[in-house]
Amino acid sequence: MSDFTDMEIFARVVTAGSLSAAGRELGLSPAVVSKRLKRLEDRLGTRLLQRTTRQIALTEAGRGFNERVVQILASIEEAEAYVGGRSAAARGTLKVSAPTSFGRLHIAPHLGPFLDANPGLTINLVLSDDFVDLVKEGVDVAIRIAELTDSSLVARRLAPNHRLLCATPGYLAIHGEPKTLADLSRHHLLATAGQDPWRLEGPQGPVTFHVEGRLKTHSNEVVREAVIAGLGIALRSTWDVGPELREGRLVHVLPAYRASRRVAVHAVYPSRRFLAAKVRLFIDFLASLYGEHPQWDEGLGTIIRE
């Protein structure tokens with residue numbers, strides 16, 4: 001029990017989401033975890049967590065404390081790794097957030113070699129199409145496919161993101177192929193609520209196009225399946241529909257227009273002076289896996305250069 005500080009136990013509870021889950025990870029009983037948390041709160045003179053038998057939630061003081069504790073623990077881990085000559089060792093739990101489809105297609109299948117190389121590490125992969133609050137949710141690193149502007153986060157570009165308009169040959173045979181951007185108003189368009197409007201780059205520069213369609217969804221995977229099923233035209237990334245484009249099941253539509261090239265696949269993490277070995281190694285692993293010419297773009301040279 002003395003091997004873990006009260007701050008470590010607190011941080012693990014926040015990451016795990018419950019006292020019992022944190023206890024299992026640390027090898028402690030829920031009663032011991034609860035006792036150590038109470039001792040920490042008594043010493044600080046404030047409540048850090050609102051907790052019930054089913055869930056926990058950070059108080060305002062707890063959120064600020066957790067942000068600083070995460071930084072402190074990362075610095076300690078980095079310092080110990082340096083002194084002990086273990087700078088390449090990753091240990092503990094790494095909480096990773098990623099978009100649902102991207103995580104399923106391009107992270108989960110590749111975790112085996114990374115885990116084999118880091119036997120002291122456990123990965124908690126959380127898939128969501130929402131932008132999570134890294135500090136509030138206790139996330140070590142998040143994969144974001146966007147044009148990043150939040151200066152409170154540190155970001156590393158992992159790969160380009162080529163997003164283009166596409167539809168099935170069958171859909172175009174029935175409804176015709178649009179020749180101009182204005183023609184899209186006569187078509188069935190597929191997008192999630194967060195993708196409206198489409199922000200495109202064309203011959204005259206940036207343009208926006210309001211998306212109106214008969215399918216309403218918050219799921220990117222639903223949009224993907226809908227466009228493949230021939231329900232309309234969608235703006236999709238090559239990492240998502242590369243195989244369908246290569247095989248001709250989807251056709252590139254209006255090649256003069258595409259999403260902003262400033263959007264890319266990034267790894268982001270909270271700003272901190274010392275980066276934990278587990279975070280650094282995972283980001284390096286993804287960077288080597290993807291790069292500026294990722295596997296998902298193979299065979300699409302003509303399309304992505306148009």
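Just after helix α10, G248 takes a positive phi of about 80°, in a model that is predicted, with local features needing pLDDT of at least 70, side-chain atom pairs counting only at pLDDT 80 or more, and totals for chains, interfaces and linings using all residues. Residues are numbered from 1 along each chain as its sequence is written, and side-chain values use heavy atoms, with hydrogens and water left out. Helices (H or I, at least four residues) and strands (E, at least two) are DSSP runs numbered from the N terminus, and the protein has 12 helices and 14 strands.

**Helices α10 and α1**

- Helix α10 covers residues 238-247, and 7 of its 10 residues are buried, so this helix is largely enclosed by the rest of the structure; buried here means under 20% relative accessible area, exposed over 50%, and partly exposed in between, with a 1.4 Å probe and protein chains only.
- The buried residues of α10 are T238, W239, D240, V241, G242, E244 and L245.
- Helix α1, residues 6-16, has D6, I9, F10, A11, V13, V14 and T15 as its buried residues, and α1 is followed by G17, whose phi is positive, near 95°.
- An α-helix has 3.6 residues a turn, so residues three or four places apart point the same way.

**Strand β5 and its partners**

- Strand β5, residues 141-146, is mostly covered, with 6 of its 6 residues buried; V141, I143 and I145 point one way from the strand, while A142, R144 and A146 point the other way.
- Strand β3 (residues 92-98) runs parallel to β5 and is joined to it by 2 bridges, where strands are taken to pair if DSSP finds at least two bridges between them; in this pairing V96 stands opposite V141.
- Strand β14 (residues 264-270) runs antiparallel to β5, the two being joined by 5 bridges, and here R144 of β5 stands opposite H266 of β14.

**H266 in β14**

- H266 is buried, with a relative accessible area of 11%, and its side chain reaches the backbone oxygen of A146 at 3.4 Å.
- Leaving aside neighbours within four places in sequence, H266 is in contact (heavy atoms within 4.5 Å) with A142, I143, R144, A146, L148, A155, R156, R157 and L158.

**F282 in α11**

- F282 is found in helix α11, residues 277-289, and counts as buried at 0% relative accessibility.
- Not counting residues up to four places away in sequence, F282 touches L94, V96, I107, L111, F114, I123 and V141; of these, V96 and V141 stand opposite each other where β3 meets β5.
- The C-alpha atoms of F282 and H293, which are 11 residues apart along the chain, are separated by 19 Å.

**The protein as a whole**

- Buried residues make up 48% of the 306 residues, and the C-alpha atoms fill a box of roughly 70 × 40 × 30 Å, taken along the principal axes.
- Among contacts between residues at least 6 apart in sequence, 75% join residues at least 24 apart.
- The accessible surface comes to about 15,600 Å², of which 52% belongs to carbon and sulfur atoms; the areas come from the Shrake-Rupley method with a 1.4 Å probe, and for residues only the protein chains shown count as cover.

Terms used
A polar contact is a pair of N or O atoms within 3.5 Å; within protein, one must be able to donate a hydrogen and the other to accept it, and residues adjacent in sequence count only if both atoms are side-chain atoms.
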